[in-house]
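Got your viewer open? Let's take a walk through this model, one selection at a time.

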Amino acid sequence: MKDLTCVVVGGGFAGIHALKAIHKACHKGLNGRKLRLILIDKGSAHVRKVLLFRPAVSEEGITVPWEQVMPEGTRFIQGRVTSMDKESKQLTLEDSKGLEHKLEYDVLVVAIGSIVRQAAPEQGGISLTGLEAAERIRERWHANLKLAVKETNTQEKQRLMSAAVAGAGITGIETSAEMVHAMRTEAVKLGLDPKLIRVHLFNSQERLFLEGPAKVAHRLERYLTDLGVVLHHGRRVIKEELGLVHVNDGSPIPVGLTVWTLGLTPNPALLSLGLPVTMDGQIVVDESYRVKDAPGVYGIGDCAHVVDPANGAADRMTCKEAIPQATRLGGIVHADLIDAPAAKHKSVSEGYTVGLGPGHGLVWSRTWGMDIMITGKLAYKVKSFMWNYSSMVR
């Protein structure tokens, strides 16, 4: 009997957890058939994207070798899918050497995730989009502090010891907290006054953390202020030019570096696959992650528009929602392959974990109609566990 081939495209959080779940579920048996697993990703290793701020403040690595996150026996292909034929169940892909290949599949999981929104080149600054950008950010503020050591002009010295983070979502909050801690630590080493370090966090909304209640936002604000982050609510950065951050409201602010953290958008590579997408660019899937008019094709994670059939709520683009989707998908794929009833999507409970610099964090969840909040070191341990769990780091 012919073995089956399952291809997972995308080795982010959704992709690696889908591989694990499908491998585990299909070990139960497929009516005598075996399932061959293949992962396709353009990267040479899994990148822990929720930790992109780390290489912006230190030399800590945030990649994990593929063999540590793939089930035993999984084949890895470094490359990108350029097109697909739904009728013949065939992918066209370009490998890391630029060579084109054809690959047949029986099951296809599209989990190519999202990309970080970038500021336009004329807006200046550096968008925190990947490892290279993070390293440039670290090099810039390090160089600025070294210049500040020799600077005799008080205003220029303060500018070199200041930075801005444009965008106050979870990434912006975590980045600003890590930067102010790292910059102050380095300032002490260089003989500079750490109290002169300024990291400005610009928030276009009227408060932080619109995803949760105001009391959580206020607690976050107190934490950031105590760390030394200067918050600017209701102010949107327009551009950084000649050492000044220009905003929509108020005078320009002198800074040595601007970091853009503008949130996520579905991966535009989806458009080349010919699958149905929403106006926002996400794949349209049913309650069991199946793609309409594409037999054997499923979509999960940031690239999929996943809706809870019970309440009509759409999942957000976060790993806390992508990973449960991936885990559930394992059973769905197994059920579909043996013609059994499949599970349906169910939303996760509301909750977020936020890192606030080394050793500190905040956890919020809404359970049974009550808001539960944990802060400090315990919250950081929870956040660290989630970071590690997302990338299967033990």
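Select Phe-209 to start: you'll find Phe-209 in the loop between strand S12 (198-203) and helix H6 (214-227). Helices (H or I, at least four residues) and strands (E, at least two) are DSSP runs, numbered from the N terminus. Check the backbone here, since phi of Phe-209 is near 55 degrees, a positive value in a residue other than glycine. Is Phe-209 buried or exposed? Phe-209 counts as buried, at 4% relative accessibility. Buried means under 20% relative accessible area, exposed over 50%, and partly exposed in between (1.4 Å probe, protein chains only).

A quick word on what you're looking at. This is a predicted model, where local features need pLDDT of at least 70 and side-chain atom pairs count only at pLDDT 80 or more, while totals for chains, interfaces and linings use all residues. Residues are numbered from 1 along each chain as its sequence is written, and side-chain values use heavy atoms, with hydrogens and water left out.

Now jump to Met-392, in the segment after helix H8 (377-390). Phi is positive in this non-glycine residue too, near 60 degrees. Met-392 is buried, with 16% relative accessibility.

From there, hop to a residue that touches Met-392: His-17. You'll see His-17 in helix H1 (residues 13-26). Leaving aside residues up to four places away in sequence, His-17 also touches Ile-323, Ala-326, Tyr-389 and Ser-390; a contact means heavy atoms within 4.5 Å. His-17 has a relative accessible area of 4%, so it counts as buried.

Stay in helix H1 and pick Ala-14. Which residues does Ala-14 touch, not counting those up to four places away in sequence? They are Ala-111, Ile-300, Gly-301, Ala-322 and Ala-326. Ala-14 is buried as well, at 8% relative accessibility. Try the distance tool next: the C-alpha atoms of Ala-14 and Thr-175 are 23 Å apart, with their positions 161 residues apart along the chain.

Next, colour the largest nonpolar core, which has 54 residues. Such a core is a set of buried Ala, Val, Leu, Ile, Met, Phe, Trp, Tyr and Cys residues joined through side-chain atoms within 4.5 Å. Those with the most contacts inside this core are Val-7, Ile-40, Leu-91, Leu-108, Val-110, Ile-300 and Leu-329. Click on Leu-329: not counting residues up to four places away in sequence, Leu-329 touches Ala-18, Ile-22, Val-109, Tyr-289, Tyr-298 and Ile-300. Apart from this core lies another, of 48 residues, including Leu-145, Val-180, Tyr-223 and Leu-224. In soluble globular proteins, nonpolar side chains tend to be buried together.

For a contrast, go to Glu-104 in strand S7 (residues 100-104). Glu-104 is exposed, with a relative accessible area of 55%. Beyond residues up to four places away in sequence, Glu-104 touches Thr-5, Lys-89 and Gln-90. Draw a line from Glu-104 to Thr-375: they are 271 residues apart in sequence and 49 Å apart in space, C-alpha to C-alpha.

Finally, zoom out. How many helices and strands does the protein chain have? There are eight helices and 24 strands. Buried residues make up 48% of the 394 residues in the chain. Its C-alpha atoms fill a box of roughly 80 × 50 × 40 Å, taken along the principal axes.
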